[in-house]
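Colleague: I would like a close look at one part of this model. Please take me through it step by step.

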Amino acid sequence: MKLLIINGPNLNLLGLREPGIYGKGTLSDLEDFLRKVGEEEGVELSFFQSNHEGAIVDAIQAAYGAMDGIVINPAAYTHTSIAILDALKAVSLPAVEVHISQVSEREPFRQVSYAGMACLKTYMGLGFEGYRQAILCLKDHLAGKGAEA
C-alpha cells in the first residue's frame, strides 16, 4: 500500500511558525514520525510539500496510478483552492484531510474546506497524531473496512 503525504504552504516552517498553534516539531520531525508509523503499519509513504498551489495540483495528478491514497494538509489552500478540490476529485483516489491545529476554533474565514469536500474524513487539532490517524483510516478503507476507522 502506497500513500502520498502532501503538506501545503508554510508547513515547511513548522517548529518556527506560531509554535503556540502548530507546536515545536519541524516538518522533518513530522516526516520521521510518519516513517515510523509507515514501518509499523506496513505502508509505504512518500512526502511532498510545496508553497505553490499548482505544484500541489501536479503532485495530486502524479499520484494517479502510482499511489493508493492521499493524506493532505492543504494548509491555507484549504479555504481557497478549488483547483486542489478538482484535482482530488479528478484522480478519485481516497484522501483524508489533516490539520495540525483545531481549525474549527479559528478565524471565520477558515471555516470552509474545499479540499475536505473530496476527502473521506478530516482530522484536526491532533497535531502530528492526526496524520497517523489519517494513515490508519486510509489503510482500513483500502482494506475494505470503510472510512470510519
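Which residue in β3 does Leu3 stand opposite? Please build outwards from there.

Modeller: Leu3 stands opposite Gly69 in β3. Keep in mind that the model is predicted.

Leu3 also stands opposite Leu45 in β2. Strand β1 covers residues 2–7. Strand β2 covers residues 44–49, and β1 pairs with β2 in the parallel sense over six bridges. Strand β3 spans residues 69–73. β1 and β3 run parallel too, joined by five bridges.

Now the burial of β1. The strand is mostly covered, with five of its six residues buried. In a regular strand, side chains alternate between the two faces of the sheet.

Next, the whole sheet. The sheet is open and has five strands, in the order β2-β1-β3-β4-β5, with parallel pairing. β2 and β5 (121–124) stand at the edges with a single partner strand each, so one side of each has no neighbour in the sheet. On average, neighbouring strands of this sheet are turned by 20 degrees against each other, direction ignored.

At the β5 end, β5 runs parallel to β4 (residues 95–99), and four bridges join these two strands. Here Glu97 stands opposite Thr122 in β5.

Back to β1 and β2, this time with a helix. Helix α2, residues 27–41, packs on the sheet and touches both β1 and β2. The direction of α2 makes about 165 degrees with that of β2. To sum up β1: this strand pairs with β2, is joined to β3, and is touched by α2.

Technical notes:
Residues numbered from 1 in each chain as written. Predicted model: local features only at pLDDT ≥ 70, side-chain atom pairs only at ≥ 80, totals over all residues. Heavy atoms only, no water. Buried < 20%, exposed > 50% of the residue type's maximum accessible area, 1.4 Å probe, protein only. Pairing = 2+ DSSP bridges. Axes fitted to C-alpha atoms, helices over the stretch in contact; angles between N-to-C directions. Contact = heavy atoms within 4.5 Å.
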